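Biologist: I'd like to learn how to read a structure like this one. Could you walk me through it?

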Amino acid sequence: TQSILTLANSIIKRNNNRYKKQLITFNKATYQEQLLSNNDMIDESDQLIKRIRFHLKNGTKPSEIAVLYRNHERSYSLRKSLLESEIFYNTEHTKNDINLLSLHQAKGLEFSVVFIIGLEQGSLPSYHVKTLEDLEEERRLFFVGITRAKHYLYLSYCTFNNDTEHLTKSQFLKELKKDLKPS
């Protein structure tokens with residue numbers, strides 16, 4: 001939808017080293033992106049499962065749902081909760097499974113419903129970022145994640161990790177031109 005592309009355009013324009021282009025769509029559908037603010041990764045898993053079930057109940061095929069993250073470690077808590085909830089993913093991927101993918105793995109793919117998790121400093125952007133070029137690459141990965149969504153986009157972050165260590169919301173959320181309110 002145009003609102004998703006507007007969000008993507010607003011994040012990537014901050015990169016100096018990029019092709020200058022403006023993404024547009026002829027899709028007239030509208031949808032308000034959602035920012036999910038979670039206490040911790042267990043709370044995040046509960047929120048995602050609730051929304052995944054909603055989309056499945058309303059006719060979205062499991063293969064049209066993707067959860068994207070910067071690194072696999074960030075998905076461990078969610079993987080455990082999905083299995084406990086009998087929502088299946090990966091390994092032997094079938095049309096009855098949702099997709100759990102790193103942002104790198106998602107390049108070139110599109111899904112009706114996309115969740116991007118781990119939008120905390122140190123996760124996305126990664127704590128490995130040392131240079132402006134590194135930061136721009138992380139921002140480009142976030143852009144890629146946003147543009148994987150055809151209809152529904154959820155951006156998720158946690159305030160604490162599961163060890164009660166405080167986490168800081170990703171700077172990329174602050175850079176978005178659109179002011180997303182946590183739901």
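Modeller: Let's go from the overall layout to the charged pairs, the rings and then a couple of single residues. Keep in mind that this is a predicted model.

Biologist: Fine, start with the layout. How many helices and strands are there?

Modeller: The protein has 5 helices and 5 strands. Starting at the N terminus, you can follow them in the order α-β-α-β-α-β-β-α-β-α.

Biologist: And what percentage of the residues is buried?

Modeller: Here you look at relative accessible area, where under 20% means buried. Of the 183 residues, 49% fall in that class. As for the outside, the protein exposes about 9800 Å², with carbon and sulfur atoms supplying 51% of it.

Biologist: What do the contacts say about sequence separation?

Modeller: Take the contacts between residues at least 6 apart in sequence: 78% of them join residues at least 24 apart.

Biologist: Now the charges. How many salt bridges are there?

Modeller: You look for a side-chain nitrogen of Lys or Arg within 4 Å of a carboxyl oxygen of Asp or Glu. By that rule there are 7 salt bridges. One of them pairs Glu44 with Arg74, at 2.8 Å from N to O. Glu44 sits in helix H2 (residues 41-57), while Arg74 is in the loop between strand E2 (65-69) and helix H3 (76-84), so to find the partners you go 30 residues along the chain.

Biologist: Are those two buried or exposed?

Modeller: Glu44 and Arg74 are both buried. 

Biologist: Which other residue does Arg74 pair with in a salt bridge?

Modeller: Glu120 does that job, again at 2.8 Å from N to O. Glu120 belongs to the loop between strand E4 (111-116) and H4, 46 residues from Arg74. Glu120 counts as buried because its relative accessibility is 2%, and Arg74 gets the label at 7%. Through shared partners, the salt bridges join Glu44, Arg74 and Glu120 into one network.

Biologist: What about Arg70, which residue does its side chain meet?

Modeller: Arg70 forms a salt bridge with Glu138, also 2.8 Å from N to O. Glu138 lies in helix H4 (residues 132-146) and Arg70 in the loop between E2 and H3, so this pair ties together parts 68 residues apart in sequence. The two ends differ in burial class: Glu138 is buried at 4% relative accessibility, whereas Arg70, at 21%, is partly exposed.

Biologist: On to the rings. How do I describe an aromatic pair?

Modeller: You give the distance of the ring centres and the angle of the planes. The search of the whole structure turns up 2 aromatic pairs. Phe115 and Tyr154 have ring centres 4.6 Å apart and planes at 10°, so that pair is stacked. Phe115 comes from strand E4 and Tyr154 from strand E5 (residues 149-158), 39 residues apart. Phe115 is buried at 1% relative accessible area, and Tyr154 is buried at 4%.

Biologist: Where does the pair of Phe142 and Phe172 sit?

Modeller: Phe142 is in helix H4 and Phe172 in helix H5 (residues 171-175), with their positions 30 residues apart. This pair is stacked as well, at 5.7 Å centre to centre and 10° between the planes. Phe142 has 0% relative accessibility, so it counts as buried, and Phe172 is buried at 0% too.

Biologist: Last topic, single residues. How far is Asp40 from the nearest side chain of opposite charge?

Modeller: That side chain is Arg74, 9.1 Å away; Asp40 is buried yet has no salt bridge. Asp40 is placed in the loop between strand E1 (34-38) and H2. Check the polar atoms next: one on the Asp40 side chain lies 3.1 Å from the backbone nitrogen of Ile42. Leaving out residues up to four places away in sequence, Asp40 touches Cys158, Phe160, Asn161 and Asn162.

Biologist: And which side chain makes a polar contact with that of Ser156?

Modeller: The side chain of Asn38 does, at 2.9 Å. Ser156 is part of strand E5 and is buried, with 1% relative accessible area. Its contacts beyond four places in sequence include Glu44 and Glu120, which you met in the network with Arg74.

Notes: Residues are numbered from 1 along each chain as its sequence is written. This is a predicted model: local features need pLDDT of at least 70, side-chain atom pairs count only at pLDDT 80 or more; totals for chains, interfaces and linings use all residues. Side-chain values use heavy atoms; hydrogens and water are left out. Helices (H or I, at least four residues) and strands (E, at least two) are DSSP runs, numbered from the N terminus. Buried means under 20% relative accessible area, exposed over 50%, partly exposed in between (1.4 Å probe, protein chains only). Contact means heavy atoms within 4.5 Å. Accessible areas come from the Shrake-Rupley method with a 1.4 Å probe; for residues, only the protein chains shown count as cover. Rings of Phe, Tyr and Trp (its six-membered ring) pair if their centres lie within 6.5 Å; planes under 30 degrees apart count as stacked, over 60 as edge-to-face and the rest as tilted. Lys and Arg count as positive and Asp and Glu as negative; His and the chain ends are not counted. A polar contact is a pair of N or O atoms within 3.5 Å; within protein, one must be able to donate a hydrogen and the other to accept it, and residues adjacent in sequence count only if both atoms are side-chain atoms.
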